[in-house]
Amino acid sequence: MNILLTNDDSIESEGLKALGKELSTIGRVFVVAPQKPQSAGSHATTLHKPLRAEKFPLNIGEISSFRVSGTPSDCVLLGIDLLIKETVDIVVSGINKGPNLGDDVIYSGTVAGAREGAINNKLSFAISVNDFENPDFIYISKLSVKIIDALIKVIERKNLYFNINFPNLRKTTIKGVKFARLARRRYKNRITVGKDPFQKEFYWIGGTLDDPLEDETDSKYVEEGFIAITPLLIDQTNFDVLNELKNFEIKI
Ligand code: MN
C-alpha cells in the first residue's frame, strides 16, 4: 500500500514525523508536505505563481520525501500527479497540533489535505490532537495507524475522507473511539483590537467557543476523552433545500 503523507504544520513538525514512522509499518510512505506552516489556510491552491519541490529526507522509514513551497492541497496534487512515481492508495494528513473539530474543518489546512486526497479518489484521513502544547505524538501515531488499518479493511469507497481528532491526553485518558457528526462551533470575542508601535490599530482574529457543545458531536466526544471520527463528503450540495425547491420556479 502506497501512502501519501502530508500536513499543514510543515514538513519539520513532530506530528508528521511520528505518524510517518508508524505508517511505514503498514505501507510505503511518501511524504509531500509544506515547507512552511499553513494552518487555517484551508483548501488554498497555488495557481498564480510557480511552486518548488525539493527532496527533504526525514529518515523515518519513508520511500521518498519532498518539501513543497505551497499548501497541503498543492502537496497532495503534486504528489499524486508528479512527485510519486507509483500509484497512491491512501492519503493521510497530520498529525496536526491542535484540534480540527466541527465547523472548523472548513478553515483547516490539515482537513483540506485529506479532502484533496478524496477529490483525487483516494481514501483519505485527517488526524489532529486537541493539544497545542506537547502532545504525545508517538502514542497518538500508534493509535492512528490502528484506526486507519481497521477502516481501510471495511471501507471500499475511495472518494471519502475521515476527520479524526484525539483528546488532550495530558488532561484526560482515552475512553475509546466514537463515530460522530460535526459540531456547530461558533466563537465569541472573535476580534482583539491592539495598537502597533506606531499607534496604528491592528486586529487579531481568534476568540473562545460560544455554544455549549451538543451531545454526540465530535467536539463533545473529544472533550469527554474519546477519539472522534467523522466521515466527510466532498459534495456540499444541500439536498434538503434542493428537494424543497424542486417545484419552485423562478421566471426570468
Ligand atoms: Mn496546523
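1. A residue counts as buried when its relative accessible area is under 20%, as exposed when that area is over 50%, and as partly exposed in between. The model discussed here is predicted. Arg170, with a relative accessible area of 46%, is therefore partly exposed.

2. Arg170 has a partner in Asp131: their side chains form a salt bridge, with N and O 2.7 Å apart. The two come from distant parts of the chain, 39 residues apart. Asp131 sits in the loop between strand 6 and helix 4, whereas Arg170 sits in the loop between strand 7 (161-166) and strand 8. Asp131 has a relative accessible area of 3% and is buried.

3. A second salt bridge joins Arg185 to Asp104, and here the closest N and O atoms are 3.1 Å apart. Arg185 belongs to the loop between strand 8 (176-179) and strand 9 (187-188), and Asp104 to the loop between strand 5 and helix 3 (109-119), so the pair ties together parts that are 81 residues apart in sequence. Both Arg185 and Asp104 are buried.

4. Lys153 and Asp149 form a salt bridge within helix 4, at 3.0 Å from N to O. They are 4 residues apart, which means a separation of about one helical turn. In general, an α-helix has 3.6 residues a turn, so residues three or four places apart point the same way. Lys153 is exposed, at 63% relative accessible area, while Asp149 is partly exposed, at 24%. Elsewhere, salt bridges with shared partners connect Asp131, Glu133 and Arg170 in one network. The structure has 12 salt bridges.

5. Helix 1 covers residues 14-23, and 7 of its 10 residues are buried, so the rest of the structure largely encloses this helix. The buried residues include Gly15, Leu16 and Glu22. They pack against strand 1 (2-6), strand 2 (28-34), strand 5 (90-97), strand 6 (123-129) and helix 4 (137-154).

6. The largest pocket has a volume of about 680 Å³. It is lined by 22 residues, and those nearest its centre are Ala40, Asp104, Tyr107, Tyr187 and Gly206. Asp104 is also the salt-bridge partner of Arg185. By class, the lining consists of 7 nonpolar, 8 polar and 7 charged residues.

7. The second largest pocket has a volume of about 390 Å³. Its lining has 16 residues, with Val105, Leu182, Leu232, Leu233 and Gln236 closest to the centre. Strand 13 (residues 226-232) gives the most to this lining, with 3 residues. The classes here are 8 nonpolar, 3 polar and 5 charged.

Terms used:
Residues numbered from 1 in each chain as written. Predicted model: local features only at pLDDT ≥ 70, side-chain atom pairs only at ≥ 80, totals over all residues. Heavy atoms only, no water. Buried < 20%, exposed > 50% of the residue type's maximum accessible area, 1.4 Å probe, protein only. Contact = heavy atoms within 4.5 Å. 1 Å grid on protein atoms, 1.4 Å probe; cavity = no way out; pocket = protein on both sides within 12 Å on 5 of 7 lines; lining within 4 Å. Points joined across faces, edges and corners; volume = space filled by probe spheres on them. Nonpolar A, V, L, I, M, F, W, Y, C, P; charged D, E, K, R; others polar. Salt bridge = Lys/Arg side-chain N within 4 Å of Asp/Glu carboxyl O.
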